[in-house]
Amino acid sequence: ESRVATGKELYDMATKSTVVIPTGYQAPGFVESEAHAIMRILVEGGVRKEDVRLEEEANSTCENAIKCRSIVKQLMKDFNVTDIAVVTSAFHVSRSRYIFTKLFANISANNDMTCNDMTCQPGEVPAMLKFHQSPDCFLNSSDLEHALQLEKRCLARLAEGKHRIFNDALCDM
């Protein structure tokens, strides 16, 4: 999958210690989670297993960002993490950027974010976040157009504050 290849490429290019956080829950009927399958491919490709932290619980982008935020906070405490690369499909990068920007605004190892800490302006990305898009080569043009339309609707709902999980998460952190 292109996201795995892009993540591995970033890992290989890193000039400092790097931790990879594959994400994805175990869908019904599958023998392993998407995160575990990604980890297996990365390790087979040369990523050190101790450089991998799995996030297997989330089943939406909002939940994923929430769970990853907890992992990153711990990495900041333990390893002084200063940069985060989010790798996602090209059609999904706008929604991912919106969600991760909101949830990672003002993150630090020693503070707990509250709703009042949300100081990033719309569209302003925290300096520590970098977004990398992988090619959408697995989608035909019809499916890609459908995915893009879905992403636009989801992003509009988020911007209007109509996503319950996302709004609850902002106040529960």
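## Lys 8 and its surroundings

Let's start with one side chain in this predicted model. Setting aside neighbours within four places in sequence, Lys 8 is in contact with Leu 42, Gly 45, Gly 46 and Val 47. Lys 8 itself sits in helix α1, which covers residues 2–13. Is this lysine buried or exposed? Its relative accessibility is 18%, and buried means under 20%, so Lys 8 counts as buried.

Lys 8 also has a charged partner. Asp 12 forms a salt bridge with Lys 8, and their closest N and O atoms are 2.6 Å apart. The two residues are 4 residues apart in helix α1, so about one helical turn separates them. The two ends of this pair are covered to unlike degrees: Asp 12 is partly exposed, with a relative accessible area of 48%, whereas Lys 8 is buried at 18%.

## Overall layout

Stepping back, the protein contains 6 helices and 2 strands. Read from the N terminus, its elements follow the order α-α-α-β-α-β-α-α. Of the 173 residues in the protein, 38% are buried. The accessible surface comes to about 10000 Å², and carbon and sulfur atoms account for 52% of that area.

How much of the contact map links residues 24 or more positions apart? Among contacts in the protein with a separation of 6 or more, such residues account for 71%.

## Two nonpolar cores

As a general background, nonpolar side chains tend to be buried together in soluble globular proteins. Here, the largest nonpolar core has 17 residues, and the ones with the most contacts inside it are Phe 100, Phe 104 and Leu 129. Four elements give two or more residues each to this core: α3 (61–79), β1 (84–89), α4 (93–104) and β2 (129–134). Which of them supplies the largest share? That is α3, with 6 residues.

Phe 100 is a good place to look around inside this core. Beyond its neighbours within four places in sequence, Phe 100 is in contact with Asn 64, Ala 65, Cys 68, Val 86, Leu 129 and Phe 131. There is also a second, separate core of 8 residues, and its members include Val 4, Tyr 11, Leu 42 and Val 52. Leu 42 will be familiar from the opening, as one of the residues in contact with Lys 8.

## Salt bridges

Side chains of opposite charge can pair when their charged atoms come close. The structure holds 6 salt bridges, and the Asp 12 and Lys 8 pair described above is one of them.

Another joins the side chains of Glu 34 and Arg 3, with 2.7 Å from N to O. Glu 34 lies in helix α2 (residues 34–44) and Arg 3 in helix α1, so this pair ties together parts that are 31 residues apart in sequence. Both partners are partly exposed: Glu 34 has a relative accessible area of 36%, and Arg 3 comes in at 23% relative accessibility.

A further salt bridge links Glu 50 with Arg 48, where the closest N and O atoms are 3.4 Å apart. Arg 48 counts as partly exposed, with 48% relative accessibility. Which residues are joined into one network by salt bridges that share partners? The network is made up of Arg 48, Glu 50 and Asp 51.

Note on methods
Residues numbered from 1 in each chain as written. Predicted model: local features only at pLDDT ≥ 70, side-chain atom pairs only at ≥ 80, totals over all residues. Heavy atoms only, no water. Core = buried A, V, L, I, M, F, W, Y, C linked by side-chain atoms within 4.5 Å. Buried < 20%, exposed > 50% of the residue type's maximum accessible area, 1.4 Å probe, protein only. Contact = heavy atoms within 4.5 Å. Areas by Shrake-Rupley, 256 points an atom, 1.4 Å probe, with all protein chains shown as cover. Salt bridge = Lys/Arg side-chain N within 4 Å of Asp/Glu carboxyl O.
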